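Colleague: I should like to learn how to read the features of a protein model in an orderly way. May we begin with the strands and then proceed to the remainder?

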Amino acid sequence: MEEKRELLSSVAKSITASPIQELSHLAQRCNAINLAEGFPDFPAPSHIKDAAISAINSDFNQYRHVQGICDYVAIVMNQMHGLDVNPLTDVAICCGQTEAFAAATFAIIDKGDEVVLFDPCYETYEGCIKMAGGVPVYVPLDPPHWTLDPNKFIKSFSRRTKAVILNSPHNPTGKVFTKDELEIIAGECRTRNCLAITDEVYEHITFNSEKHISLASFPGMRERTIITSSLSKTFSVTGWRVGWAIAPAFIASAIRNIHVKVTDSAPAPFQEAALTALRSPPEYFESLRSDYESRRDYIVNLLARIGFKIHFKPQGAFFLFAEIPENCPLSDVEYVRKLIQQAGVVAVPGCGFFHADSSVEKLSQDSYNYQDRYIRFAFCKSDHTLASAAKRLGELLDAAGCLNLK
Ligand SMILES: Cc1ncc(COP(=O)(O)O)c(C=O)c1O
């Protein structure tokens, strides 16, 4: 088996299975309640399911490019962010944000180009950057509020820096980058003549008074930003695989060419149904937000009550990045293993979202290794799932009412 591995390319060898997937398999074996993976376990909206069924029955079952998606995306970007997007040239439809992001990196990254990312971050970016031959450079966001230190950010640039990756609202922390932070990022991109790739899949999921602002809306950024997003999170259809990249025409064209070579087209019936989804009334987006806000409050209260340290209440997206109780000696990985085995609940150890480069910063923080103290709980789950998780956790409380894993 080992010699056979030698047949793999060095890129393939460097990309390993996601810890999230592995835990999900363990959770399945233990029949654990899954608060690990970032997909809803409640039904997708019926108006868009009906549209997909009707598209299949109308025989939209062949390779297809649905221009109407580009038209709607251009309208929405104008309404939400005042951006001027040409739907004929500036939008590339892809198989989810995941493919849009991969195609974007292949479109702009050459071997040895450095790419700045914020740490912690969503796990797929690094693999794509490496496949494109790029070198990830991580800038740690400072706990407990995951603030951006402008000095650390500016220091991460070099002559080889080609792009900055920004995900806001942010997985895993639920942070929504502030206007001031975005201003700093935009300023540095302009000064250094760098591109930005944004991941805005949680653009419609923000809480309280938080508002998602696209980096592309800052002066001089539209022409150097590739926005990626998708239907997945906004419409609870992560399996439909419809997403898009919005970029200056020459980059969007390169992304389209790569997309055609890799997958040809996104699923035809779901592209058709996307037209119905994107046309959803404002009330749809309002209730998406308020439903997720209630779920956020539920999980924050639940975990705070049983001893987790919640310094930072998510401002957007649908994850809570909670710190393990102070007096608990377990690492995040050990804690999650026990959570699965003893409580029958699975979440994700935070270490999977942090990266080695941050270790330099770690040492300067009084040797406190925060990177193995966090657990990510996904709250994109039905009320029933959340209540069942609460019940299981409630069975393991000690006399002080705290979760007691042995
Ligand atoms: C930050 C972020 N980006 C992208 C994705 C995947 O998006 P898509 O389903 O459109 O590929 C996820 C899914 O968890 C995510 O959390």
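Modeller: Two strands are said to pair if DSSP finds at least two bridges between them. Helices (H or I, at least four residues) and strands (E, at least two) are DSSP runs, numbered from the N terminus. Please note that this is a predicted model, in which local features need pLDDT of at least 70, side-chain atom pairs count only at pLDDT 80 or more, and totals for chains, interfaces and linings use all residues. Residues are numbered from 1 along each chain as its sequence is written.

Colleague: In which sense do β11 and strand β12 pair, and over how many bridges?

Modeller: Strands of a sheet pair through backbone hydrogen bonds, either parallel or antiparallel. Here β11 and β12 (residues 374-378) pair in the antiparallel sense, over 2 bridges. One residue pair to inspect is V348 with its bridge partner in β12, R376.

Colleague: What is the order of the strands in the open sheet?

Modeller: The order is β9-β12-β11, an open sheet of 3 strands with antiparallel pairing. Its edges are β9 (319-323) and β11 (348-349), each of which pairs on one side only.

Colleague: Which residues of β8 lie on each of its faces?

Modeller: In a regular strand the side chains alternate between the two faces of the sheet. For β8, G243 and A245 are on one side, W244 and I246 are on the other, and all are buried, so both faces are covered. The term buried applies to a residue with 20 or more other C-beta atoms within 10 Å of its own; exposed means 12 or fewer, partly exposed is in between, and C-beta atoms are placed from the backbone.

Colleague: Which strands are joined to β8?

Modeller: Strand β2 (residues 91-94) runs antiparallel to β8 and is joined to it by 4 bridges. In that pairing, I93 has W244 as its bridge partner. β7 is also antiparallel to β8, again with 4 bridges, and S230 stands opposite G243.

Colleague: Which residues are closest to the ligand?

Modeller: A residue is near a molecule if its C-beta atom, placed from the backbone, lies within 6 Å of it. The ligand is surrounded by 13 residues, the closest being G96, Q97, T98, S230 and S232. Helix α6 (residues 96-108) supplies the largest share of this shell, 3 residues. By class, the shell has 2 nonpolar, 10 polar and 1 charged residues. In that scheme Ala, Val, Leu, Ile, Met, Phe, Trp, Tyr, Cys and Pro count as nonpolar, Asp, Glu, Lys and Arg as charged, and the others, Gly among them, as polar.

Colleague: Where are the cis peptide bonds at P144 and P172 placed?

Modeller: The bond joining P143 and P144 is cis, with omega about 5 degrees, and P144 lies in the loop between β4 (135-140) and α8 (150-155). The bond from N171 to P172 is cis with omega near 15 degrees; P172 lies in the loop between β5 (161-167) and α9 (179-192).

Colleague: What else is found in the loop between β5 and α9?

Modeller: K175 is found there. K175 counts as buried because 26 other C-beta atoms lie within 10 Å. Leaving aside neighbours within four places in sequence, K175 is in contact with W146, H170 and Q315; contact requires C-beta atoms, placed from the backbone, within 7 Å.

Colleague: Which sign does phi have at R241 and A317, positive or negative?

Modeller: R241 has a positive phi of about 60 degrees although it is not a glycine, and A317 likewise has a positive phi, near 60 degrees. R241 is in the loop between β7 (225-230) and β8 (243-246), and is buried because 20 other C-beta atoms lie within 10 Å. A317 is in the loop between α12 (282-305) and β9, and counts as buried because it has 30 C-beta neighbours inside 10 Å.

Colleague: How many helices and strands does the protein have, and what is its radius of gyration?

Modeller: There are 15 helices and 12 strands. The radius of gyration, taken over C-alpha atoms, is compared with a globule rule of 2.2 Å times the number of residues to the power 0.38. For 406 residues a compact globule would have a value near 22 Å, and the 21 Å of the protein agrees. Of these residues, 44% count as buried.

How values were computed:
Two residues are in contact if their C-beta atoms, placed from the backbone, lie within 7 Å.
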